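Colleague: I've got a structure on my screen and I'm not sure how to read it. Could you walk me through it?

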Amino acid sequence: MRREIPLIITFVCGITMIIQFFIPHWPFSDVKSYFQHTYMIIAAFAMILGICNLTRLHIFKIRDRRENWGYSIVLLVGLAIMAIPGLFQGIHEGTMFEFLFKNAHVPMNSTMFSLLAFFVASASYRAFRARTFDAALLLIAGFAVMLGRAPIGDTLTSFMPEGWQMSDLANWIMAFPNTAGQRAIMMGSGLGIVATSLRVILGIERSYLGGE
Amino acid sequence: MTADIGTWLAAFLTLCIFSFLYKDNPFYKFAEHLFVGISAGYWLCYHFWNTVKPNLYDNLVEKGEWQYLLPLFLGICMLLRLFSKIGWFSRWAIAFMIGSGAGIMIITYLQSNFLEQIKSTLVSLDPAGSSWTQVANNSLLFIGVVTGLVYFFFSKAHTGITGGVARVGVVFLMICFGASFGYTVMARISLLIGRMYFLLHNWLGVV
């Protein structure tokens with residue numbers, strides 16, 4: 001019951017989704033959209049589960065007065081001021097939800113990611129030390145792309161003829177050697193995903209069921 | 001300097017997060033926790049209004065399509081994970097997602113990551129009216145893909161000719177990683193410029 005039913009569900013769903021690609025007619029055409037809706041609904045419930053778990057964790061942290069418990073109050077207040085107006089008023093323009101999205105969520109999100117620029121810079125100092133031929137290639141390609149994406153790159157190579165400046169070199173690297181490498185990786189990962197998916201559907205790979 | 005309360009809030013939170021560059025401090029911790037809470041609230045509302053309401057509530061309640069009781073049941077099964085004794089019911093919902101996800105992935109990845117990539121690589125090296133640069137670039141692309149694949153072929157030891165070909169593949173992969181790294185750095189730098197512009201233009205109005 002605990003293992004057999006999930007394995008049967010996985011097999012039936014997987015095979016149905018494969019069949020609907022080869023037979024795009026009724027009833028499989030309807031099954032496809034029904035399965036997609038069901039998938040999205042369960043994913044939404046999984047998100048709700050995650051938020052419930054987060055809330056529970058921080059309530060326990062506050063209750064037990066664990067280290068930095070005050071910040072848990074900040075987290076729960078943030079969740080409440082976003083979720084309560086969002087669920088009751090809606091998420092359209094002019095709502096409290098939209099105000100917080102524009103003035104709190106978006107700025108914090110982009111600042112968090114922009115912070116990575118500093119850490120990436122220190123990481124690149126370590127990664128780009130040209131000790132070997134491979135590291136030198138990494139350095140040259142990275143440096144060329146960075147310079148080619150900034151105005152200073154073309155300024156430095158302004159003496160070169162049209163089509164041979166730094167931005168052209170960066171575009172060439174992105175279009176050819178980079179695409180070649182990406183394609184090799186994509187083909188390898190694509191075959192890996194197909195093999196793993198088959199193992200999951202056939203019940204050989206069962207790690208997603210957890211223990212017991 | 002602006003008097004808009006929203007801009008002041010955004011500027012305060014931006015500075016709180018940037019304060020981490022000095023060291024971990026209460027302002028950063030405050031913004032970090034607030035960000036997690038607000039993000040969780042955002043995604044909760046987003047999924048409610050864009051997924052649960054149109055796909056579940058409208059179909060089940062408004063249109064009376066009873067087959068949508070199954071996704072509701074599986075969704076509730078997912079939530080049962082919160083209770084340790086009956087948490088195993090969530091496996092049914094997970095099994096549905098894993099199974100249908102695997103079925104879709106077999107088809108889509110086989111098409112997009114494999115067949116389409118082969119199709120795009122196996123182009124004429126010297127199409128009619130092409131310049132020498134186009135011939136060279138097409139050849140380079142073909143050699144890069146083939147040698148890169150040889151590098152990822154682990155069923156044969158990388159010695160002799162295979163080793164030599166795989167070595168060429170490593171060259172392409174290193175250029176690829178370097179270019180991807182440079183591209184990522186520039187994306188982060190552009191975000192940083194955006195935040196600086198916001199502080200100096202929208203908030204302080206000095207530029």
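**Where the chains meet**

Modeller: Let's begin with the contact between the chains: 104 residues of chain A are in contact with 97 residues of chain B. Two residues are in contact if their C-beta atoms, placed from the backbone, lie within 7 Å. Keep in mind that this is a predicted model, where local features need pLDDT of at least 70 and side-chain atom pairs count only at pLDDT 80 or more, while totals for chains, interfaces and linings use all residues. Residues are numbered from 1 along each chain as its sequence is written, and chains are lettered from A and ligands numbered from 1 in the order in which they are written.

Colleague: Which element gives the most to the side of chain A that touches chain B?

Modeller: That's α4(A), with 21 residues. Helices here are DSSP runs (H or I, at least four residues), strands are runs of E (at least two), and both are numbered from the N terminus.

Colleague: And what classes of residue does that side of chain A have?

Modeller: The side of chain A that touches chain B has 74 nonpolar, 25 polar and 5 charged residues. Ala, Val, Leu, Ile, Met, Phe, Trp, Tyr, Cys and Pro count as nonpolar, Asp, Glu, Lys and Arg as charged, and the others, Gly among them, as polar.

Colleague: How many helices and strands does chain A have?

Modeller: Chain A comes to 8 helices and 0 strands. For its overall form, look at the radius of gyration, taken over C-alpha atoms: chain A has 26 Å, but a compact globule of 212 residues would be near 17 Å. That globule rule is 2.2 Å times the number of residues to the power 0.38. Along the principal axes, the C-alpha atoms of chain A fill a box of roughly 70 × 50 × 40 Å.

Colleague: How far should I trust the model?

Modeller: Check pLDDT, the predictor's confidence in each residue, from 0 to 100. Chain A averages 92, and 98% of its residues score at least 70. Among the elements of chain A, the lowest mean belongs to α4(A) (90) and the highest to α3(A) (96).

Colleague: How do I check a helix, say α5(A)?

Modeller: The expected span is 1.5 Å times one less than the number of residues. The 16 residues of α5(A) should therefore span 22 Å, and its end C-alpha atoms are 22 Å apart, which agrees.

Colleague: Which residues of α5(A) are buried?

Modeller: A residue is buried if 20 or more other C-beta atoms lie within 10 Å of its own, exposed if 12 or fewer, and partly exposed in between. In α5(A) the buried ones include A:L137, A:L138, A:A141 and A:V145. Their cover includes α4, α6 and α7 of chain A together with α6 of chain B. Over chain A as a whole, 30% of the 212 residues count as buried.

Colleague: Can we try one residue in chain B?

Modeller: Take B:A31, which lies in helix α2 of chain B.

Colleague: Why does B:A31 count as buried?

Modeller: Because B:A31 has 26 C-beta neighbours inside 10 Å. Leaving aside neighbours within four places in sequence, B:A31 is in contact with A:M108, B:L13, B:C16 and B:I17. B:C16 and B:A31 are 15 residues apart in sequence, yet 6.1 Å apart in space, C-alpha to C-alpha. B:L13, B:C16 and B:I17 are among the buried residues of α1(B), and the buried residues of α1(B) pack against α4 of chain A together with α2 and α6 of chain B.
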